[in-house]
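I opened this model to go through it feature by feature. My entries follow in the order I looked things up.

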Amino acid sequence: MKDTILDANFPKTADGRVYHLGVKSGEVANRIVTVGSISRARLIATYLDASPKPFSLYSERGFLTITGRYRGAPVSVVCIGMGGPSVDFFIREVRECLQGDMLVIRFGSCGCLTDLPVGSLVLPKASLAVTRNLDFDFANGDHWRVPYRLSKPIPADSDLILSLQRALESTRPVGASGLVVLNTVNASTDSFYSSQGRQTSFQDHNSGLIDNLKETIQDIATLEMETYWIFHLAASWRGLPSAEPALNPPQLSAGPVFSSAAPSESSHADPSRPPPRPAKETVQQPTIRAAAVQMVFASRSSQEFITPEHVSLLEAWCGQAVLDALLAMDIPQDRLHLQEGSV
Ligand code: DUR
């Protein structure tokens, strides 16, 4: 860490670089693919336009951001590693560097609880969290507490799912028979082992976990470690009205940021009357929209694990499809931070 950090609340360098990803405003696009491995990020980046040369930054904390253009439109590929805390760094720090809408597709791998073959591509309609209950007495057993907690599922962005499905079908390589699976539910866990029901030398009290998941969660199919945390942050973000107005807002007189058309309170003629309701749609708040495509690596029913050759095939197919899916999503000009031609 060489640079002086200015603010302990949201640490940034003097030139506005966020602490863990190392990027600043202008270096991340509104359309983003996030992956867990550097090689997958670099592979997807090979689909970006050759000119201008994509920007690439590998941060001291191991995050890789590649921003370039795909068919002329700015796109970022961000490698964040694995697990919820990495997602938290990624979503919050990119959001801080970005104005307008943020569209995120997680392209990763998963384990599967149903009889889908390895190599299937799952686009979950929703995701829940499975977390270890740290108050459970794992060493001695515990009659009072549950060892794992299941959250409520959060839905994926349905337009992004549709866009992904279309892109996967139209880029399907000749002879590739892989299934594209819709309408299932994903669970994101806080461990690859304990909260995914794997049996190890630790006293994890998880032998009934998978059965319990199947009984409690309708349509449950996949287990991985990131999607829920993306959906959760996307769904809970409401923006900071004062810090992030629309990029090209209509000319406002002073007044509440949500209500571009409403006159300010001070210009109100009759003080006994309530101020007019804010006109809702005039300045729309930016959003975070998210979806995931998950390659089934591990079948937890047959115990089969995918081969490296099969992974390469899927990565090449999906790598292009995720970019196509993002490109097909319309983002109004006034909600785009990086415009065409700006990277
Ligand atoms: N993953 C799982 N469980 C599996 C297969 C893949 O969590 O059975 C995903 C999530 C995480 C990484 O990013 O792969 C762990 O190997």
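**Backbone oddities**

I began with Arg 71, which counts as exposed at 55% relative accessibility. The cut-off I used for exposed is over 50%, so Arg 71 passes it. I noted at once that this is a predicted model. Arg 71 sits in the loop between β3 (64–70) and β4 (73–79). Its phi is positive, about 50 degrees, although Arg 71 is not a glycine. I flagged that since most residues other than glycine have a negative phi.

I then looked up Asn 183. It also is not a glycine, and its phi is positive at about 65 degrees. I found Asn 183 in the loop between β10 (180–182) and β11 (185–189). Its relative accessible area is 53%, so I logged Asn 183 as exposed.

Next I checked the peptide bonds. Most peptide bonds are trans. The bond that joins Ser 51 and Pro 52 is cis, with omega about -5 degrees. Pro 52 lies in the loop between α1 (38–45) and β2 (55–58).

**The chain as a whole**

I stepped back for the totals. The chain has six helices and 13 strands. It holds 343 residues, and 50% of them count as buried. I took the contacts with a separation of 6 or more and asked what part joins residues 24 or more positions apart. The value came out at 76%. The chain exposes about 16900 Å². Carbon and sulfur atoms supply 53% of that area.

**The ligand site**

Which residues are closest to the ligand? I counted 13 residues around it, and the closest are Met 82, Ser 109, Gln 196, Arg 198 and Glu 226. I sorted the shell by type: six nonpolar, three polar and four charged residues.

I then asked which strands contribute. β5 (102–112) and β12 (220–224) each supply at least two residues of the shell. β5 gives the most, with four residues.

I went through the polar atoms next. A polar side-chain atom of Glu 226 is 2.6 Å from a ligand oxygen atom. For Arg 198, a side-chain N or O atom is 2.8 Å from an oxygen atom of the ligand. For Ser 109, a polar side-chain atom lies 3.1 Å from a ligand oxygen atom. I also computed cover: the ligand taken alone exposes 370 Å², and the protein buries 86% of that.

**Two helices, face by face**

I took α1 first. Its buried residues include Arg 40, Ala 41, Ile 44 and Ala 45. Looking down the axis of α1, I saw its buried residues fall within an arc of 140 degrees, so they line one face of the helix. I then looked up what covers them. The cover includes β1 (31–35), β3, β4, β5, β13 (288–299) and α6 (308–327).

I repeated the check on α4 (residues 209–216). Leu 209, Ile 210 and Leu 213 are buried there. Down the axis of α4, the buried residues fall within an arc of 100 degrees, so they too line one face of their helix. Among the elements that cover them are β7 (126–132), β8 (148–150) and β12. I had already met β12 as a supplier of the ligand shell.

**Two single residues**

Is Glu 93 buried or exposed? Its relative accessible area is 5%, so Glu 93 is buried. The cut-off for buried is under 20%. Glu 93 has its place in helix α2 (residues 84–97). I listed its contacts, leaving out residues up to four places away in sequence. Glu 93 touches Phe 10, Val 18, Tyr 19, His 20 and Leu 21. I also took the C-alpha distance from Glu 93 to Pro 11: 9.8 Å in space, at 82 residues apart in sequence.

My last lookup was Gly 26, in the segment before β1. Its relative accessible area is 27%, so I entered Gly 26 as partly exposed. Gly 26 and Thr 67 are 41 residues apart in sequence, and their C-alpha atoms are 9.5 Å apart.

Definitions and conventions
Residues numbered from 1 in each chain as written. Predicted model: local features only at pLDDT ≥ 70, side-chain atom pairs only at ≥ 80, totals over all residues. Heavy atoms only, no water. Near = heavy atom within 4 Å. Polar contact = N/O pair within 3.5 Å; in protein donor to acceptor, adjacent residues only side chain to side chain. Areas by Shrake-Rupley, 256 points an atom, 1.4 Å probe, with all protein chains shown as cover. Nonpolar A, V, L, I, M, F, W, Y, C, P; charged D, E, K, R; others polar. Buried < 20%, exposed > 50% of the residue type's maximum accessible area, 1.4 Å probe, protein only. Contact = heavy atoms within 4.5 Å. Arc of directions from axis to C-beta.
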